[in-house]
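Me: I am new to this structure and should like a close look at a single strand, followed outward into its surroundings. Please explain each term as it arises.

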Amino acid sequence: MTAVVGRSTNMLETLVKEGAFSWILGNKNSFDEDFEEMSKSPSSRKNWLPELSSKANLVVRRCSRLLDKSLDELQECFDAGASDPVKHTSCRARNFLEYCCFQTLSLSTQVNDSHLGDKKFRRLTYDMMLAWEAPAATSQPSINVDEEGTVGREAFSRITPAVPTISDVITCENLFDFLTTSTGGRLRFSVYEKYLGALERAIRKMKTQTESSHLSLLRSHREERILELDGTVTTQPVLEHFGVSTWPGGLPSRLTLTDHALYFEAHRMVSFEKAKTYELSEDLKQVVKPELTGPWGARLFDKGVMYKSVSLPEPIVMEFPELKGHFRRDYWLAAIREILYAHKFIRKFNVEGIDRDEILLKAVIGILRVQAVLEITTTKPLRTETLLMFNECDRLPGGDLILETLATTMSTSQELDRENHLNAENTTNSISTLTMVSNCVFGAAVPDKPRLFVGEIVVGEMTPLERAVSDSRNSFKKVELAQATVDGVKVEGLDTNLAVMKELLFPVLELGKYLNFLASWDDSVQSFAFCSLFTFVVCRGWLPHVFALLLLFIAIFMLLTRWSNQGSPVDEVKVTAPPSMNTMEQLLAVQNAISQVEAFIQDGNISLLKLRALFLSVSPQASDKLALALVLLALTSALIPSKYIFLLVVLESNTRYSPLRKPSTERWKRRLREWWYSIPAAPVVLARPPEDQQKKRK
């Protein structure tokens, strides 16, 4: 053991002398004193754990100082509270590092509300991620003096959710992707620091807007937070469309989003009208979705957000005009939905008290993270809603299971908090309302559950919430792969799509042709054999068994096909492409298809009008015949068992064109057609609204 410590000390001195930790130090940072102390003081060299890498040792020493605990005390607490798998030699280094990091982050965020603005805190959290990637002495990577270390996705997703203002378990991977768009999937400290600075400014801006808001009288009883404000710049107005009001009849306005509602203020000459409130917190069956807008009701521009609720007579549309794209609309749509989904979650799981505030804060901080990301990126992200946890749960497969797990986790966390507060010596520490970090006592094992919790994170293990998110993301990857195949087989052109559909339905079409051939009795032997066999099956009551055998045959066919084609590529569907058409021919084909659809709809309307005339006895003779037929059907249904009725239907449909019945069938079809043509259609009157009648804008 002494030899190991001696080798570790010599290695540390060599690294310090050679400046190998310049990737951490930069010009001058908080670790300089550590290096100098460890290179000069023999006592400091003893506080060096040989099982940890040099990175992990530096981070653990820093955590020890901040927690005011020695390394021995930290190890004792870890050993007392962790389970045997967590303390196993193969993973002890990383789990002990997690324990020190989570405990330090919990304390730092509780004591200091402005931790995001602390440069030492920013550097510490980043170094924690660097150490997490190489925690053990055996995992010590080669150190490049001229290159600064970068952080990977797994380390970021493990460390940052311990500080809920920085990220959360559900969206941390998406946030990492946004931050590393231009750095090849590795996070640099410069980008990470810019993000934390932008996030701090977003929080400060929210506080300032909330304190100085002109909407204080409307929102004072709910203590709402002002999250976003738009329409104050003339180059980026917000327009409101109510009902079918003519565009640009909507006036430029000011739109305010809080954590409870939307406030819309139309612009006057020198001021704004009284704010109209569109609630997001109450159960009003709200629907918020993208909408098309345009001049005089024309649906041309994809730049609107439609809000509908039972409290409004008609939906309203808020338009966010911009020259290119519809990013403003997408951002506002995601933010509005995030607040709406958060309140739906609160109502669904009956969340009250502190838990309710915590859920709203999760939605609020998610929106602030989006604002921070938008501030530091030069190119606008395409899908900012992926950074919002409730939007993400609505998008992911199994997102409802994630929310259920979150609700369960919150209730469990609150029970732990109450137990820990009762056991703690000092319960007067204040917790920042923006951190939402659970005030857990580390080293205290939960009965029957020897786990080390911090908020939604467990040292050395995956929480149920993390497992639910992981399962959902794995399912989503399969959905993405499937969707990629769907996008790859899409073809353009009406004629080409019809050719593809005809090829895919070829087996069904061929089966239909064969059944029609049997019903036509062109081959009497086959038709008679089929009719006899089907009649025998129905009489013996074997039809359900035949149906079950058919399903079983299909299942066996699928399994045999899978077994025989293992590793083989999927057979492509070969389609003979129709002759190419120019633009005019394509337009004519579309016009012809529309004409056929219109004719089909006309025939359907005529049939419905004839039935209406029959039921209202417009033609008494035809109505009498229909009534008599209905009476006979009713008596048949009441007196004859359904099995025999089905048998009669099968025999009638299969023998109507047999040599014996063909003349009578043709005669009855002609009489039925003549009877149908003799029925007049019920009259229809089209009432046109006056041209000057318009719906008033409320």
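Reply: The account below begins with one strand and then moves to other parts of the chain.

The model is predicted; local features are described where pLDDT is at least 70, side-chain atom pairs only at pLDDT 80 or more, while totals for chains, interfaces and linings use all residues. Residues are numbered from 1 along each chain as its sequence is written, and side-chain values use heavy atoms, with hydrogens and water left out.

The protein chain has 25 helices and ten strands. These are DSSP runs numbered from the N terminus, a helix being H or I over at least four residues and a strand being E over at least two. Of its 698 residues, 41% count as buried, where buried means under 20% relative accessible area, exposed over 50%, and partly exposed in between, with a 1.4 Å probe and protein chains only.

The strand chosen is E4, residues 261–266. Six of its six residues are buried, so E4 is largely enclosed by the rest of the structure. In a regular strand the side chains alternate between the two faces of the sheet. In E4, Ala261, Tyr263 and Glu265 point one way, whereas Leu262, Phe264 and Ala266 point the other way, and all are buried.

E4 pairs with strand E3, residues 253–258, in the antiparallel sense over five bridges; two strands pair if DSSP finds at least two bridges between them. A hairpin leads from E3 to E4 through two residues. Within this pairing, arginine 254 has glutamate 265 of E4 as its bridge partner. E4 is also joined by four bridges to strand E5, residues 276–279, and these two run antiparallel. Here tyrosine 263 has threonine 277 of E5 as its bridge partner. Tyrosine 263 is thus one of the buried residues named above, and glutamate 265 is another.

Beyond these strands, an open sheet of four strands has the order E2-E8-E7-E6, with antiparallel pairing. Strand E2 (239–242) and strand E6 (287–293) stand at its edges with a single partner strand each, so one side of each is left without a neighbour in the sheet. From one strand to the next, the twist averages 30°. Angles of this kind run from 0 to 180 degrees between N-to-C directions, the axes being lines fitted to C-alpha atoms, for helices over the stretch in contact. Strand E7 (residues 301–308) is joined to strand E8 (residues 316–319) by four bridges, and the two run antiparallel; methionine 306 stands opposite valine 317 in E8. Helix H13, residues 327–348, lies across E6 and E7 and runs at about 165° to E6.

Aromatic rings offer a further view of the chain. A pair of aromatic rings is described by the distance of the centres and the angle of the planes. A search of the whole structure finds 13 aromatic pairs; rings of Phe, Tyr and Trp (its six-membered ring) pair if their centres lie within 6.5 Å, and planes under 30 degrees apart count as stacked, over 60 as edge-to-face and the rest as tilted. The rings of phenylalanine 345 and phenylalanine 349 have centres 4.8 Å apart and planes at 50°, so this pair is tilted. Phenylalanine 345 is buried at 3% relative accessibility, whereas phenylalanine 349 is partly exposed at 26%. For phenylalanine 536 and tryptophan 542, the ring centres are 5.4 Å apart and the planes are at 90°, so this pair is edge-to-face. Phenylalanine 536 is partly exposed, with a relative accessible area of 39%, and tryptophan 542 is likewise partly exposed at 37%.

Helix H21, residues 543–564, can be set against the enclosed E4. Of the 22 residues of H21, the number buried is zero, so H21 lies largely in the open. Its expected span is 32 Å, that is, 1.5 Å times one less than its number of residues; its end C-alpha atoms are 31 Å apart, which agrees.

A last site lies in the segment after helix H25 (662–677), where alanine 682 is found. Alanine 682 is buried, with a relative accessible area of 8%. Alanine 682 and leucine 609 are 73 residues apart in sequence, yet 5.1 Å apart in space, C-alpha to C-alpha. Not counting residues up to four places away in sequence, alanine 682 touches Leu609, Arg612 and Ala613, contact meaning heavy atoms within 4.5 Å.
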